[in-house]
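Trainee: I should be grateful for a close look at a single part of this model, namely the sheet, followed by some remarks on the residues outside it.

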Amino acid sequence: MRLHDLKPRPGAKHRRKRLGQGESSGHGKTSGRGGKGQTARSGSSIRIGFEGGQMPLIRRLPKRGFNNARHATRYLPVNLQSLNRFEEGARVDETALRNAGLANGKAAGIKILGTGELTRKLTVSAHAFSASARAKIEAKGGACELVVIQKAAASQP
């Protein structure tokens with residue numbers, strides 16, 4: 001195989017849709033914009049859920065009941081096999097995991113999950129552990145330290 005034999009995979013290249021090239025092209029006359037109206041105009045954009053001034057469906061439906069999503073504790077998951085990058089006997093905490101790029105983003109804490117095998121003895125400090133992760137860490141002679149999440153105290157008058 002030589003450089004001149006290389007070509008893109010089938011379906012990787014598409015012809016550009018050429019608008020306004022006559023009625024027989026299939027993209028003539030209105031050029032794929034339908035009839036008249038707001039969406040036919042250049043520069044027009046209508047936000048998602050807008051129904052032309054009619055009360056939108058999301059606002060028509062009643063919102064009742066309890067939703068646990070706003071009260072749930074969200075953890076950043078870290079698999080056990082990814083802890084093998086740390087040295088034998090190392091202490092692995094939230095800052096070490098974030099510096100290693102294993103836990104990114106905002107969350108209440110970090111949860112160690114038991115996917116994969118651990119090959120080293122580690123002292124792991126996290127906000128939550130799955131039962132299998134805790135068993136595998138302790139089977140290697142390591143230790144699991146539970147970090148307590150600090151809840152924001154309610155302001156009192």
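Mentor: Let us begin with one pair of strands. Strand β3, which covers residues 109–113, is joined to β5 by 2 bridges, and the two strands run parallel. Within this pairing, K111 stands opposite A128, a residue of β5. Please bear in mind throughout that the model is predicted.

The pair belongs to a wider arrangement. An open sheet is formed by 3 strands in the order β1-β3-β5, with parallel pairing. Because β1 and β5 (128–129) stand at the edges and each has a single partner strand, one side of each is left without a neighbour in the sheet. A128 thus belongs to an edge strand, β5, and its counterpart across the pairing is K111.

From the sheet we may turn to the chain that leads up to β1. H71 lies in the loop between α1 and β1, the latter comprising residues 75–79. The side of the question that concerns solvent is settled by a cut-off: exposed means over 50% relative accessible area, and H71 counts as exposed because its value is 52%. H71 may also be placed relative to a residue further along the chain: 31 residues separate it from L102 in sequence, and the distance between their C-alpha atoms is 25 Å.

The segment before α1 offers several further details. L6 is found there, ahead of the helix at 57–60. With a relative accessibility of 53%, L6 is also classed as exposed. Together with M1 and L3, L6 makes a nonpolar surface patch of about 440 Å².

Two other residues of this segment deserve attention for their backbone angles. Most residues other than glycine have a negative phi. K29, although not a glycine, has a positive phi of about 50°. S31 is likewise a residue other than glycine with a positive phi, in this case near 55°. K29 is located in the segment before α1, and S31 is found in that segment as well.

Their surroundings may be set side by side. K29 is exposed, its relative accessible area being 74%. S31, by contrast, counts as buried because its relative accessibility is 18%, where buried means under 20%. The positive phi values of K29 and S31 therefore occur in an exposed residue and a buried one, respectively.

Conventions
Residues numbered from 1 in each chain as written. Predicted model: local features only at pLDDT ≥ 70, side-chain atom pairs only at ≥ 80, totals over all residues. Heavy atoms only, no water. Patch = residues over 30% accessible without salt bridge, like charges linked within 9 Å, V, L, I, M, F, W, Y side chains within 5 Å. Areas by Shrake-Rupley, 256 points an atom, 1.4 Å probe, with all protein chains shown as cover. Salt bridge = Lys/Arg side-chain N within 4 Å of Asp/Glu carboxyl O. Helix = DSSP H or I, 4+ residues; strand = E, 2+ residues; numbered from the N terminus. Buried < 20%, exposed > 50% of the residue type's maximum accessible area, 1.4 Å probe, protein only. Pairing = 2+ DSSP bridges.
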